[in-house]
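Ready for a few exercises? Have a look at the chain below, then work through the tasks one by one.

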Amino acid sequence: QVQLVEFGGGLAQTGGSLRLSCAVPERIFSNSAMGWFRQAPGKEREFVAAISWSGRDTYYANSVKGRFAISRDNAKNTVYLQMNTLSPEDTAVYYCAARSSPFATMFRYEYHYWGQGTQVTVSS
C-alpha cells in the first residue's frame, strides 16, 4: 500500500510560519506531480498548492498566494509547503497528494495517492 507521510504540522501564532514536508515512495514520486490540500472542520477538502514533476510549474489557491510556497526535492522524494504569515483561517488538516502524471492540477479527484494528513492550528 502506497504511503505518503506528512510532517511538520502543529501550532503556530498568527503571523507565524510552519513548514510541512511529505515523504513519498520513490516509485511514485519520480513520475508524479504533487499537491497540497487542506480540510477545515465542516468544510470540503480544498486545493492549496501544486507542483509539476519537473518543479517548473507551480499553482496556488488565491487564499494562499504570496504566503505559501510549494517545492520539491527529487533527490529526497520529498515535497514541501512553506507557510508564512499564517492566520486562523489556515487552520485545517493538511494533506499531500501524488498524481500519476507529471502535470500538476488543482482538482483533488485527479490525485491518486494521499497521505493521512497533519493538523495545522493557528491561534489568534
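**Exercise 1. Find the residues that touch the most other members of the largest nonpolar core.**

Step 1. The largest nonpolar core has 36 residues, and Trp36, Leu81, Met83 and Tyr94 touch the most other members. A nonpolar core here is a set of buried Ala, Val, Leu, Ile, Met, Phe, Trp, Tyr and Cys residues joined through side-chain atoms within 4.5 Å. Buried means under 20% relative accessible area, exposed means over 50%, and partly exposed is in between (1.4 Å probe, protein chains only).

Step 2. Now see who supplies this core: β3, α1, β4 (33-39), β5 (46-51), β7, β8, β9 and β11 (118-123) each give at least two residues. These helices (H or I, at least four residues) and strands (E, at least two) are DSSP runs, numbered from the N terminus.

Step 3. Zoom in on Tyr94. Leaving out residues up to four places away in sequence, Tyr94 touches Glu6, Leu20, Trp36, Phe37, Arg38, Val48, Phe68, Leu81, Met83, Gly117, Thr118 and Val120. Contact means heavy atoms within 4.5 Å.

Before you go on, a word on the source: this is a predicted model, where local features need pLDDT of at least 70 and side-chain atom pairs count only at pLDDT 80 or more, while totals for chains, interfaces and linings use all residues. Residues are numbered from 1 along each chain as its sequence is written, and side-chain values use heavy atoms, with hydrogens and water left out.

**Exercise 2. Work out the strand order of the four-stranded open sheet.**

Step 1. Start with β1 (residues 5-7), which pairs with β3 (residues 18-23) in the antiparallel sense over three bridges. Two strands pair if DSSP finds at least two bridges between them. One spot to check is Val5, whose bridge partner in β3 is Ala23.

Step 2. Move on from β3 to β8 (residues 78-83): these two strands are antiparallel as well, with six bridges. Along the way, Arg19 has Gln82 of β8 as its bridge partner, and Leu18 stands opposite Met83 in β8.

Step 3. Put it together: the order is β1-β3-β8-β7, with antiparallel pairing. β1 and β7 each have a single partner strand, so one side of each has no neighbour in the sheet. On average, neighbouring strands of this sheet are turned by 20° against each other, direction ignored. (Axes are lines fitted to C-alpha atoms, for helices over the stretch in contact, and angles run from 0 to 180 degrees between N-to-C directions.)

**Exercise 3. Locate the disulfide and say which strands hold its two cysteines.**

Step 1. The structure holds one disulfide, meaning a pair of cysteine sulfur atoms within 2.5 Å.

Step 2. The partners are Cys22 and Cys96, with sulfur atoms 1.9 Å apart. Cys22 sits in strand β3 and Cys96 in strand β9, so to speak distant parts of the chain, 74 residues apart.

Step 3. Check accessibility: Cys22 is buried at 0% relative accessible area, and Cys96 is buried at 0% too.

**Exercise 4. Describe the aromatic pairs that involve Trp114 with Phe37 and with Tyr111.**

Step 1. A search of the whole structure gives four aromatic pairs. Rings of Phe, Tyr and Trp (its six-membered ring) pair if their centres lie within 6.5 Å; planes under 30 degrees apart count as stacked, over 60 as edge-to-face and the rest as tilted.

Step 2. Phe37 and Trp114 form a tilted pair, 5.1 Å centre to centre with 55° between the planes. Phe37 is in strand β4 and Trp114 in strand β10 (residues 113-114), so this pair ties together parts 77 residues apart in sequence.

Step 3. Tyr111 and Trp114 make an edge-to-face pair, 6.4 Å centre to centre with 65° between the planes.

Step 4. Compare accessibility: Phe37 is buried at 1% and Tyr111 is buried at 4%, whereas Trp114 is partly exposed at 24%. Phe37, Phe47, Tyr111 and Trp114 form one aromatic cluster.

**Exercise 5. Where are Asn77 and Thr85, two residues with positive phi?**

Step 1. Most residues other than glycine have a negative phi.

Step 2. Asn77 has a phi near 55°. Asn77 belongs to the loop between β7 (68-73) and β8, and is buried at 16% relative accessible area.

Step 3. Thr85 has a phi of about 50° and lies in the loop between β8 and β9 (92-99).
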